[in-house]
Every structure is written in structure tokens, then in C-alpha cells.
Amino acid sequence: MSQIVLKGVSYSYSLGEGRSLKALKNLSFSIEKGEFVTLLGMNGSGKSTLAKLLNGLFIPSEGEILIDGLSTASEKNTFEIRKKVGMVFQNPDNQMVATIIEDDIAFGPENLGLKREEIVKRVDEALKSVGMEEFRERTTQKLSGGQKQRIAIAGVLAMRPDVIIFDESTSMLDPKGRDEIMDIARKLNSEGITIINITHSMEEAALSDRVIVLRKGRIAIDGNPKEVFSSELVDACGLVLPLVTASSKNLIKSGYDFGCAVTSEDEFVEGICKTLSK
Ligand code: ADP
Ligand code: MG
């Protein structure tokens, strides 16, 4: 059984006066446990709506979403699904619920009604996992954006999720903060947590197992980064390819041999060297 299953899922926002906006249209796909999926698409293509459907914040207008076989539409599953699927949002300031960092991270487990020692254990583990142990008793003020996102991730980890969705979580960070968050995402993925990373960064996309591209509420492309970057739909989906990929595409026209879409600097240099040595 796949961890996440969507069957013919549509979602409409009600705009009042009988009007509605169909943000997602008939999506069917599955995600397996342990996948690292990047979700790309222009603004308004439906990425955040999909994220909110996956953790049961929204219920499909049509179709069904199953998380470990549990339908998000059934109210009796809501609590379990919120625990299983954690979300890290764009603005770290909006995710803090307490001033002292350990209280902030303990908020979720406290709401689960866990025993004190279990909560302390989870806070310890979560802080360690994001490399913020020494910040335990400090306040959330004066932290950098990257540190705040790490605390937000720790808060999600304290719920012991199976899936973490990052909704443009690196978009407000400087390059160092971005790298830190992506390093943590990859580490958590290597420990078995499924990652869904919503981003505009093609560099982040290049590092994932699978890239799903939404366009106007539908899946336009679904494949590994090489397949997606070489798709003819790249422009139509508003994707700006990484510099190495775009450059190699132009060089292929001039007779350079790159084999397939280039996703890293190493592959780019390899393709140039191979052609020049012929
Ligand atoms: P993305 O995250 O890819 O930018 P969204 O999922 O936020 O896209 O939005 C998808 C579509 O739904 C857009 O057309 C957007 O304007 C619309 N939308 C999003 N949130 C709401 C809302 N609360 N009410 C009405 N329409 C919305
Ligand atoms: Mg969004």
C-alpha cells in the first residue's frame, strides 16, 4: 500500500454568491514511503492547496486522499493524519506559538496529552535533530530566519511525523539558511521520513528523487529531475531551468554530447570534456 494515494482529487474554493474557483482538477497519483518529492509550478498552480489537502486541513471537493489507507475526509482520522503529515510553512514568524524555544517545540506533544517525561524526551530529540540543542531555553527572538525554520521543523518532528511538507520554507532565507534547511530535509529523508518540498528552486528540485509539476491545478509533468528538466513542457509550466541545464540544452544544438538533461555541474563538465576529447 502506498503511503499517500490521491484518487481523482479536485478542490474548489467557494468565492461566495454561488461562485467557486477550481484550484485542483482530478489529481490521481501515489507517493511511497521514503520518497523525496519536489512540487513545482507557477504561483497559483495549486501547490499550497495540495499541501493543505494532504494533511487534512482541507477535504477534497471530489475524489479521495488516503494517508496510510486512512481517508482524510473521515473526521475520525483527522487527528491521526495531522500527526502523520507535518507542515513547515514559508514565514517562520507565523509558526511560533511560544516565546521560549522548548515550550514552542513542546506545544504539539502537549496537545497530544503525552506524559511530561515523554515530552521532554521528544523536545531533546527534535532539537538535536535540527542542531539547535544549545538554544533550548532561549527565546525565539533574535534568531535568524534559518534558525527559526529549524525550530519550526523541530516542532513538527516532536509529533513524530511520517511525512513532512515544506511549503516554500526556504524562500525567505539567505543561501546559508536554505542550505541548512535542505540538509536537514535530506537527513530526515535518509532516516525514512517522506519529504514533499514545495519550491521555486530548480537546484533543490535537482536533488530530489521525483519532481511533480503542477500547471493550472493539474499534473503537467511527473518524473525524475532529468525527465522533468528535458520535458518540452518546461516553458509552459513557467520553470526556469538551472543554469547548467539550460546551458547544456543550448550546447546540444551546437553538437555537444551530454547524453541527457544535465542536473549538476559535474555532469556539465563531464559532457564538455567528453565532446572536446572526441
Ligand atoms: P500555489 O501555492 O501554487 O501558488 P495555491 O494553492 O495557493 O497555489 O492557489 C491555487 C489557486 O487557488 C489560485 O488561483 C489561488 O488564487 C486560489 N486560492 C488560493 N487560496 C484561496 C482562497 N482562500 N480563496 C479563494 N481562492 C484561493
Ligand atoms: Mg503556495
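The paragraphs below lead through a predicted model of a protein, beginning with its overall form and then moving to its helices and to some individual residues.

The secondary structure of this protein amounts to ten helices and ten strands. Its C-alpha trace extends over about 65 × 50 × 35 Å along the principal axes. For a chain of 278 residues, a compact globule would be expected to have a radius of gyration near 19 Å, and the 20 Å found for the protein agrees with that expectation. Of those 278 residues, 49% count as buried. The contacts also reach across the sequence: if one takes the contacts between residues at least 6 apart in sequence, 62% of them join residues at least 24 apart.

A first place to look is helix α1, which takes in residues 47–54 and is mostly covered, since six of its eight residues are buried. The buried residues of α1 are Lys-47, Thr-49, Leu-50, Ala-51, Leu-53 and Leu-54. After α1 comes Gly-56, which has a positive phi, near 80°.

Both Leu-54 and Gly-56 return in the surroundings of Ile-81, a residue that belongs to helix α2, residues 78–84. With a relative accessible area of 1%, Ile-81 is buried, because a residue counts as buried when this value is under 20%. Apart from residues up to four places away in sequence, Ile-81 touches Leu-54, Asn-55, Gly-56, Ile-67, Leu-70, Ser-71 and Thr-72. The C-alpha atom of Ile-81 is separated by 9.4 Å from that of Leu-66, a residue 15 places away along the chain.

Further along, three helices can be followed through two successive packings. Helix α3, residues 101–111, packs against helix α4, residues 116–129, at an angle of about 120°, and their axes are 9 Å apart. At this angle α3 and α4 are therefore oblique to each other, and their crossing is right-handed. On the side of α3 the contact is made by Ile-101, Glu-102, Ile-105, Ala-106, Pro-109 and Glu-110, while α4 contributes Arg-116, Ile-119, Val-123, Ala-126 and Leu-127. Sorted by class, this contact of α3 with α4 holds eight nonpolar and three charged residues, with no polar ones. The spacing of such residues can be read against a general feature of helices. An α-helix has 3.6 residues a turn, so residues three or four places apart point the same way.

Helix α4 also packs against helix α5, residues 145–157, here at an angle of about 140° and with the axes 8 Å apart. These two helices, α4 and α5, are therefore oblique to each other as well, and α4 passes α5 in a right-handed crossing. In this contact Ala-126, Leu-127 and Ser-129 of α4 meet Ile-151, Ala-154 and Leu-157 of α5. The residues of the contact of α4 with α5 divide into five nonpolar and one polar, with no charged residue. Ala-126 and Leu-127 of α4 thus appear in the contact with α3 and again in the contact with α5.

Beyond these helices, Thr-170 is found in the loop that runs between β7 (163–167) and α6 (175–190). Although placed in a loop, Thr-170 is buried, with a relative accessible area of 5%. When its neighbours within four places in sequence are left aside, Thr-170 is in contact with Arg-178, Ile-181, Met-182 and Glu-204.

Glu-203 belongs to helix α7, residues 202–206. Its relative accessible area is 48%, and Glu-203 is therefore partly exposed. Not counting residues up to four places away in sequence, Glu-203 touches Pro-242 and Leu-243. Glu-203 and Leu-241 are 38 residues apart in sequence, but their C-alpha atoms are 8.6 Å apart in space.

Two further residues deserve a look for their backbone angles. Most residues other than glycine have a negative phi. Asn-26, however, has a positive phi of about 55° although it is not a glycine, and Lys-216, also not a glycine, has a positive phi of about 50°. Asn-26 has its place in strand β2, residues 19–31, whereas Lys-216 is found in the loop between β9 (210–215) and β10 (218–223). Asn-26 counts as exposed at 53% relative accessibility, and Lys-216 is likewise exposed, with a relative accessible area of 58%.

Terms used:
Residues are numbered from 1 along each chain as its sequence is written. Chains are lettered from A and ligands numbered from 1 in the order in which they are written. This is a predicted model: local features need pLDDT of at least 70, side-chain atom pairs count only at pLDDT 80 or more; totals for chains, interfaces and linings use all residues. Side-chain values use heavy atoms; hydrogens and water are left out. Axes are lines fitted to C-alpha atoms, for helices over the stretch in contact, and angles run from 0 to 180 degrees between N-to-C directions. Helices (H or I, at least four residues) and strands (E, at least two) are DSSP runs, numbered from the N terminus. Angles under 35 degrees count as roughly parallel, over 145 as roughly antiparallel, 65 to 115 as roughly perpendicular and the rest as oblique. A crossing is left-handed if the near helix is turned anticlockwise from the far one by less than a right angle, and right-handed if clockwise. Contact means heavy atoms within 4.5 Å. Ala, Val, Leu, Ile, Met, Phe, Trp, Tyr, Cys and Pro count as nonpolar, Asp, Glu, Lys and Arg as charged, and the others, Gly among them, as polar. The radius of gyration is taken over C-alpha atoms; the globule rule is 2.2 Å times the number of residues to the power 0.38. Buried means under 20% relative accessible area, exposed over 50%, partly exposed in between (1.4 Å probe, protein chains only).
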